[in-house]
Structure formats: C-alpha cells, structure tokens
Amino acid sequence: MNTAFREVMVSRDAALFQAYLVAVAVQAVLIQLGASLGLLEMSLIPFYWRAAVVGGLIFGIGMTLAGGCTTGTWYRVGEGMVGSFVALLGFSLSASATRWGLLRPLGLAVRGSTPLEIGGEVPTLANLLNVNPWVIIGLVAAGVVVWVLRRPGKPSLFGWSWGKTGLLVGLLAAAAWYISGLTGRHYGFSITGPTANMVNFAIAREPVSLSWAVFVVLAIPFGAFAAAKWSGEFAWRAPSPKKFPQQFVGGILMGFGAVTAGGCNIGHGLTGLSAFAVSSLVATAFTILGVWTGTYVFFMRRARGA
Amino acid sequence: MTERTLDLHGAICPDPLLQVQLTMRTLAKGDRLVVLLDYPLAVDTISRWAQGNGHEMVELGKTSSSGWRLVLLRC
C-alpha cells in the first residue's frame, strides 16, 4: 500500500490505488449487507482527531523509510528480504512500547483523553451527514466503478490484473469480519494491534492478547514464503548495510504512528475505511500525506541532488 | 547510440524507479538503459512507468531466481 500511495505521486500511476479502492468498495457493500442480516457486528475505532492526524502522518513517513507498509513488511519477510526483517523488528518493538511501554505517555499525550462522538456513537460518514449508510456506499461504489472503467490503470506485468486482485482482497476482507466475529472479535483485518500483542505475549506472557488476528498476521510470512517458493522467486536478499538503520527507524515511526492513530494501513486503511469511520478516513488521508511527504523529502529531493 | 547500466541490486522502492527516471532524463533519444535489480515490485513499477511515458522496454528477463535485467530504449 506504500507503493499504491506513492506511485500516484512518483509515476502518476494509479493502478494500485484503484485496486485498493475496489477492495474498500467491495468490502463496504458486503459488510453493510452482513450487518443488516445480523451476520456480523461493526465496531469502529474511536475518533481522537489529534491521534488520527499526527499518528497517520508519522506512520506514513515511517512507511517510506521502512520500505513498505505493515502487511508489505510482513510478507516481504516471507519472501526472504532481510531489510524487511529489520523494519519489522523496529515496528513490532515500538508498537508494543507505544501500547504498554516507554512510548505510551507520548502516544497518549498526542491522542488526548476525550474522543469526538456524535450522539454517543463513534462518528461515521453516515451519522456525520445524517444519511443512511447505503447512500454513502452507493455513491462511493459508483464513483469507483466509473473511475476504473473510464481510466483503467496500466496492467501489471505479472500474475493477476490489479482490478481482480482488489476484488479478491475485498471479498477476503469482508469474510474476515464474519470469521473474526465468530471468535468474539468484532472487526476485520488488522495488523498493528496483533503485532504488538505478539511481542507482549512473547515477552510478558500476557494471556489475553492471542486473538484471531494474531494468527492471521503470523500466517502472512508463511503464505508469502509458500507463494514465492512455488513461483520460483524466493531468494534471500538484502539492501546495502547503510539501508538497515533507515529501515529500522522507519519501523519505529510506523509502530508509534499506527498505535497512536489506533490502526495502520490495514486496520484503518482497509477495514475501518470500508465502514466509513471518520477516524479511519482522517488517519488514512494523513497516512497518504505522510507517504508523499516522506517520498519527497527523503527520496525525490535527495535523488535530484545526487 | 550509447548504453548506460544501472546496477540497482539491493535497492528498494522508491529508489529504483527514481534512479531510472533521473538517468533516463540524461539520455538522448535512441540511447539504451540497462537496469539490473532484485526487487520484484520495482520491475513492475519501472516497466509500467516506461510504458506510460512512451519509452520502449526492449528486453525483460531474469538473470537468477530473484535477479532481473531490463533494457529500456529512450524514445
């Protein structure tokens, strides 16, 4: 998703971004349907506006330095990219430290103590504008369909088209809400919380923290490893050593930003966005802004100067 | 016609595409740029950028299980 946000800026290529919006739209339709039928319950991330703005921005800047978003980092570990191991180390440690440890006071200070609510509920686009959720979903889905049909992104060189990938991710993400709900966890895919839980469980053996999502996250590198082996693309590879500190620091910023914001590109950007939670909209917008800022300051400007 | 080689082994996004964009700018029409890299996503972003900006991808092949060699023609 780092790439999806960045390529809109670097190469003016929106193919990945379109796939992302397809996934959000498909998921939005299905989970609203599921909620109406009583198959799942939609719980949403509370809206602390400073947390969403500052956390999102720091998370986005961190992604550019780390060389990938949270999911991207997890699956690259499975593909044998040593730099992503380093990024993951920084990310998981700082996510845990922001949730329970040394960075917690800083995170809480950024966040503030009172979430903004509308009539005692977590704000969504629907209750903010006081319309039926289906109005929002219909408008967004129609917008995505029109954009993709009128200006289709350039196709991928390998494997599936980006549109098809987006569709499949949307279906899986909707299924995640349902399956996770069966275990008593009423949310879809998320990465940051489970990653922090893993660290906390490993170090302090907190028994409460092994949720359904932890196992999903743990499965990512194995799935990526299997897929890479299968297609003959698995290889150990590492960037030059001077990139390691950059990726480590990027991971630290990601962990702090995502925990402060209440979610990362998945918890907010994929899952919360499809429920049109205001917290997720704001956090994702500032994540994108962070990616653009980081890409410009750390890469484009430096590349031009070189 | 000149040919330049960019060895981007170990470089991760967005560096590969940025380096290619910058180097292409310094080349004249008809020059070739050979790009060596091992970051799969960059192969995709570079070739889609080339396609979208009127440059020709003359060659695209693997040099090892994770190594790629692209040859771009400045148009």
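**Note on a predicted two-chain model**

1. *The crossover in chain B.* Strand 1, helix 1 and strand 2 of chain B form a right-handed β-α-β unit. The model is predicted. Strand 1 covers residues 3–8 and strand 2 covers residues 32–37. These two strands run parallel and are joined by 6 bridges. Two of the pairs can be named. B:E3 has B:R32 as its bridge partner in strand 2 of chain B, and B:T5 has B:V34.

2. *The helix of that unit.* Helix 1 of chain B spans residues 15–26, which is 12 residues. From first C-alpha to last, helix 1 of chain B reaches 17 Å, close to the 16 Å expected at 1.5 Å a residue. Which of its residues are buried? In helix 1 of chain B they include B:D15, B:P16, B:L17, B:L18, B:Q19 and B:V20. Note that B:D15 and B:Q19 are on that list beside B:L17 and B:L18.

3. *The other partner of strand 2.* Strand 2 of chain B also pairs with strand 4 of chain B, residues 68–73. Here the strands run antiparallel, again with 6 bridges. B:V34 has B:V71 as its bridge partner in strand 4 of chain B. B:V34 is also the partner of B:T5. Strand 2 of chain B is thus joined to strand 1 of chain B in parallel and to strand 4 of chain B in antiparallel fashion.

4. *Two faces of strand 2.* In a regular strand the side chains alternate between the two faces of the sheet. Strand 2 of chain B has a covered face made of B:L33, B:V35 and B:L37. The uncovered face of strand 2 of chain B holds B:R32, B:V34 and B:L36. Check these six positions in the viewer.

5. *Chain B as a whole.* Chain B contains 2 helices and 4 strands. Their order from the N terminus is β-α-β-α-β-β. The C-alpha trace spans about 30 × 20 × 20 Å along its principal axes. A compact globule of 75 residues would have a radius of gyration near 11 Å, and chain B agrees, with 11 Å. Buried residues make up 40% of chain B. Of the chain B contacts between residues at least 6 apart in sequence, 59% join residues at least 24 apart.

6. *Chain A as a whole.* Chain A has 14 helices and 0 strands. Along its principal axes the C-alpha trace of chain A spans about 55 × 50 × 40 Å. Chain A has 306 residues and a radius of gyration of 19 Å, which agrees with the value near 19 Å for a compact globule. Buried residues account for 53% of chain A. Among chain A contacts between residues at least 6 apart in sequence, 78% join residues at least 24 apart.

7. *An enclosed helix.* Helix 5 of chain A runs over residues 82–100 and has 19 residues. Its span is 27 Å, close to the 27 Å expected. Why is helix 5 of chain A largely enclosed by the rest of the structure? Because 15 of its 19 residues are buried.

8. *A buried lysine.* A:K243 lies in helix 12 of chain A, residues 243–261. Is A:K243 buried or exposed? A:K243 is buried, because 21 other C-beta atoms lie within 10 Å, and the cut-off for buried is 20 or more. A:K243 and A:G67 are 176 residues apart in sequence, yet 9.7 Å apart in space, C-alpha to C-alpha.

9. *Two backbone exceptions.* Most residues other than glycine have a negative phi. A:N130 is not a glycine and has a positive phi of about 55 degrees. A:F276, also not a glycine, has a positive phi of about 55 degrees. A:N130 sits in the loop between helix 7 and helix 8 of chain A. A:F276 sits in the loop between helix 13 and helix 14 of chain A. Their surroundings are as follows. A:N130 is exposed, with 8 other C-beta atoms within 10 Å, whereas A:F276 counts as buried, with 23.

10. *The contact between the chains.* Chain A gives 24 residues to the contact and chain B gives 23 residues. On the chain A side, helix 1 (2–10) and helix 14 (278–305) are the elements that give two or more residues. The chain A side divides into 10 nonpolar, 8 polar and 6 charged residues.

Notes
Residues numbered from 1 in each chain as written. Chains lettered and ligands numbered in written order. Predicted model: local features only at pLDDT ≥ 70, side-chain atom pairs only at ≥ 80, totals over all residues. Contact = placed C-beta atoms within 7 Å. Nonpolar A, V, L, I, M, F, W, Y, C, P; charged D, E, K, R; others polar. Expected span 1.5 Å × (residues − 1). Buried ≥ 20, exposed ≤ 12 C-beta atoms within 10 Å, placed from the backbone. Rg over C-alpha atoms; globule rule 2.2 N^0.38 Å. Pairing = 2+ DSSP bridges. Right-handed = clockwise from strand over helix to strand, strands pointing away.
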